[in-house]
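Biologist: Could you take me through this model step by step, beginning with one helix and then turning to the sheet and the pockets?

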Amino acid sequence: MNSRTWIAAAAVCLLAAGPAARAASPLDERIARVENGLLKPNRLKGSPAERMKIAERLAHYKVPGVSVAVIHEGRVEWARGYGQRDAASGAPVTAETLFQAASLSKGVAATVAMQLVAQGKLNLDEDVNGKLRSWQVPENEFTKTGKVTLRRLLSHSAGLTVHGFPGYAEGAAVPSLPQVLDGKAPANTSAVRVTTVPGSRYSYSGGGYEVMQLLLEDVTGRPFAELARTLVLDPLGMKRSAYEQPLGAERARNAAVGYQESGQPIAGRWHTYPEKTAAGLWTTPGEFSRWVLAIQKPGGVFKADTVKLLMTKGAGNYGLGLGLNETAGRASFSHGGANEGYRCHYFAYRDSGDGAVVMTNSDNGSDLAMEILRSIAVEYGWVDYLPVERAVVALEGAVLASYVGDYAFPGGPVVHIRVKDGRLTSGLGEVGVPLLADGPASFFDMDGHVPPTRFRKGADGGMELLADGGVAKRKER
C-alpha cells in the first residue's frame, strides 16, 4: 500500500468511526465543562465546590427540559437543548424549541414602544390618557400629584397594581385587554389601578405593561403582536419568536410543554396570556440572544439614543424594561421570568458582548437556571453568579434559641424561625429550611432557597431579622 492509499484508507476509517472518534474541539470541551460544572450558590471554606451535571439536576428538580444560549465576544457562541420538551412523548428539547419567555417579554415589549418613541409617535413623559382611546387610567387622588406616563410604565414607577398574571387554561374564556385592565369577567386578576403617586417609587407592575400594550395599539391602530413583528422581531431575524396568544398549530409543534411543581404537565400543555407585553412572548434562547446583542451593540435596529434611555436607571435598579446592576465595576442588564409551567432568566454585560439565556419548562426551573448560570460564569470569567465561599461556625443552643420566633415584614410575609436537630431553620411555614451559621448572628442556606439572614436587637430592644434588603420584627410571644 503506497502512502497516498494509506492516507485515504485512514480517512475512511476515521469517518466510519463517527464523531466520537474525532478529537473534541476547544468549544466542545468548553461546553462540556459548563454541562458538567453546575454549582450551588454557596460553598464551604476549605472544601472544593461540588460540580454537578445538567442531566442529574434535571432529574433532581423534576424539570423535563432546559435550553441554553451563551453569548461571547459579541455573538452567540453556542446554543443547546437538554432533556424533554414533552415528557409524555419523549420529544427532546433542541436549540429550536420554543418556550414561554414570561417576564422576559417585558424587555422586548419595551423596545417595541421605544421604536415608536424614536419615530415621534409617542412621548415618554406625556400623560398616557391623552392618547388612550379604548380605555382610560382612572383618575384619583394620586394622579392629581403625578401622571401615568410611558416612562413610568416601562420603569415600574407609575404607581399601578397587579404584579403578574396566571394566564388562562385551555378552554377558558379569554378576556379583552380593557376587561383585564378593569378586572371584569372573564379576567382572573383584579383591576389595574393607581395606588401610589406616579413617579414616587418603584413598584413592579405587570398591569402597567398592559396599559402600555393598549397605548401602543390605540396609537397605531394595529395589534401589538403585529407591531412587535414589524418593529423588532423581523428586523432582528427572530423568525420563530412571536407574541402569539393563543399559540398557533405551526409553532405549537415545536413548543415545550409547561410542567407544574409536582412534575405533572399543565392542563392543555400551557396557558394563554392575552397580557402579551407582560408575559406573552414565545421564543428560544438563541433568538432571544439576538435581542440582547442588539442592546449590547446599538446602532443597528436600535439607535444608540434608544439604548441609552433603556439603560437609564429609574426608581429601584430598573431601567426601561431591564433590570440594571453593577458588580466590581462591570455593569449588566438582566431579567427573570415566571409563567405557569415556565421559568426563564437572561443576563448580559453592558461593557462586553457576553451573556447567557436559560429557559426551562417547569415551575421548578429557577434553581436549575441559576446553577447553569454559575457554571457559565466560572467558565467565561464573569464577576457575577460566582459561588460564595463561607466558613461555618458552631453556636451554642442558647444562642440559637434566642432567635426563635415569628418575624413579620411590613406588608409582607411572616418568617418562622425554629430550631430543629441543633440547627436554626427558616421558612414561611412550620417546616423550614435548615441554616448554617457563618457568624454569631448571621446564617445562610447552602442551596440559596433562603436569602442570607442576620439578627439584631432593634431600638426598642426587640429582635429583628434582616434579609433580602428588608427588616422584620419578631412578634410578641
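**A covered helix, a sheet and two pockets**

Modeller: In this predicted model, helix α7 is mostly covered, since 12 of its 15 residues are buried.

Biologist: Which residues of α7 are buried?

Modeller: A residue is called buried here when its relative accessible area is under 20%. By that cut-off, the buried residues of α7 are Gly206, Gly207, Gly208, Tyr209, Glu210, Val211, Met212, Gln213, Leu214, Leu215, Leu216 and Glu217.

Biologist: How far does α7 reach from its first C-alpha to its last?

Modeller: Helix α7 covers residues 206-220, and at 1.5 Å a residue a span of 21 Å is expected. The span in the model is close to that expectation, and the reach from the first C-alpha to the last is 22 Å.

Biologist: What covers the buried residues of α7, and which residue just after the helix takes a positive phi?

Modeller: The cover of the buried residues includes α4 (105-118), α5 (150-154), α6 (177-182), α8 (224-233) and α10 (276-279). Just after α7 there is a positive phi of about 70°, and the residue that takes it is Gly221.

Biologist: Which are the edge strands of the open sheet of 9 strands?

Modeller: The pairing in this sheet is antiparallel, and the order of the strands is β15-β14-β13-β12-β20-β19-β18-β17-β16. An edge strand pairs on one side only, and that description fits β15 (433-434) and β16 (436-437).

Biologist: Within that sheet, what is the bridge partner of Lys457 in β19?

Modeller: Strand β18, made of residues 453-457, pairs with strand β19, made of residues 463-467, in the antiparallel sense over 5 bridges. For Lys457, the bridge partner in β19 is Met463.

Biologist: Which element gives the most to the lining of the largest pocket?

Modeller: The largest pocket holds about 1,300 Å³ of space, and 44 residues line it, with Met370, Gly448, Pro451, Pro452 and Asp468 lying nearest its centre. By class, this lining has 21 nonpolar, 14 polar and 9 charged residues. Several elements supply at least two residues each, among them α3 (54-61), β8 (330-339) and β19. The element that gives the most, with 4 residues, is α13.

Biologist: How many residues does α13 give to the lining of the second largest pocket?

Modeller: About 220 Å³ of space lies in the second largest pocket, and the residues that line it include Tyr61, Glu261, Arg343 and His449. The lining divides into 2 nonpolar, 4 polar and 4 charged residues. Here too α13 gives the most, and the number of residues is 3.

Technical notes
Residues numbered from 1 in each chain as written. Predicted model: local features only at pLDDT ≥ 70, side-chain atom pairs only at ≥ 80, totals over all residues. Heavy atoms only, no water. Expected span 1.5 Å × (residues − 1). Buried < 20%, exposed > 50% of the residue type's maximum accessible area, 1.4 Å probe, protein only. Contact = heavy atoms within 4.5 Å. Pairing = 2+ DSSP bridges. 1 Å grid on protein atoms, 1.4 Å probe; cavity = no way out; pocket = protein on both sides within 12 Å on 5 of 7 lines; lining within 4 Å. Points joined across faces, edges and corners; volume = space filled by probe spheres on them. Nonpolar A, V, L, I, M, F, W, Y, C, P; charged D, E, K, R; others polar.
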